[in-house]
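Here is a short briefing to read beside the model. Keep the sequence and the 3D view open as you go.

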Amino acid sequence: MYSFRCGEEGHGLKDCPVPAKCFYCAQEGHILRDCPTRPPPPVKSDAAPAASA
Ligand SMILES: [Zn+2]
Ligand SMILES: [Zn+2]
């Protein structure tokens with residue numbers, strides 16, 4: 001088992017004691033998906049589908 005977060009062997013990512021580090025702002029405590037400084041992804045509008053023929 002190998003944890004690529006800290007580079008240590010013997011435990012997996014789920015058991016890694018090292019807190020997740022954001023790849024966007026490089027702050028610990030959250031990950032890229034939860035980054036507060038990261039702009040939200042574009043909203044997909046499924047309400048009005050484009051004309052398809
Ligand atoms: Zn680890
Ligand atoms: Zn962040």
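UniProt lists residues 21-36 as "domain: CCHC-type", in an unreviewed entry. The model shown here is predicted. Over residues 21-36 the chain is 0% helix and 0% strand. The C-alpha atoms at the two ends of that stretch are 13 Å apart.

**The zinc ion (ligand 2)**

- Which residues supply the protein donors of the zinc ion (ligand 2)? They are Cys22, Cys25, His30 and Cys35.
- The cysteines each use SG, and His30 uses NE2.
- These donors lie 2.1 to 2.3 Å from the zinc ion (ligand 2).
- The site is tetrahedral, with angles of 104 to 116° among its four donor atoms.
- Along the sequence, the donor residues follow the spacing C-x2-C-x4-H-x4-C.

**Buried or exposed around ligand 2**

- Cys22 has a relative accessible area of 3%, so Cys22 is buried.
- Cys35 is buried as well, because its relative accessible area is 7%.
- Cys25 has 23% relative accessibility, so Cys25 counts as partly exposed. The cut-off for buried is under 20%.
- Next in the chain comes Ala26, which is partly exposed with a relative accessible area of 49%. Exposed would need over 50%.
- Ala26 has a phi near 65°. That is a positive value in a residue other than glycine.

**The zinc ion (ligand 1)**

- Which atoms are the protein donors of the zinc ion (ligand 1)? They are OG of Ser3, SG of Cys6, NE2 of His11 and SG of Cys16.
- These donors lie 2.0 to 2.4 Å from the zinc ion (ligand 1).
- Why is the arrangement around the zinc ion (ligand 1) tetrahedral? It is tetrahedral because the four donor atoms subtend angles of 95 to 118°. To count as tetrahedral, all angles must lie between 85 and 135 degrees.
- The donor residues of the zinc ion (ligand 1) are spaced S-x2-C-x4-H-x4-C in sequence.
- Ser3 counts as buried, because its relative accessibility is 0%.
- Cys16 is also buried, with a relative accessible area of 11%.

**Cysteines and disulfides**

- A disulfide is a covalent bond between the sulfur atoms of two cysteines.
- How many disulfides does a search of the whole structure find? The search finds zero.
- Cys6 and Cys16 instead appear among the donors of the zinc ion (ligand 1). Cys22, Cys25 and Cys35 appear among those of the zinc ion (ligand 2).

Technical notes:
Residues numbered from 1 in each chain as written. Chains lettered and ligands numbered in written order. Predicted model: local features only at pLDDT ≥ 70, side-chain atom pairs only at ≥ 80, totals over all residues. Heavy atoms only, no water. Donors = N, O, S within 2.8 Å, 3.2 Å for Na, K, Ca; no water. Tetrahedral: all angles 85-135°; square planar, octahedral: opposite > 155°, others 65-115°. Buried < 20%, exposed > 50% of the residue type's maximum accessible area, 1.4 Å probe, protein only. UniProt positions renumbered as here; feature names shortened; annotations may be inferred. Helix = DSSP H or I, 4+ residues; strand = E, 2+ residues; numbered from the N terminus. Disulfide = S-S within 2.5 Å.
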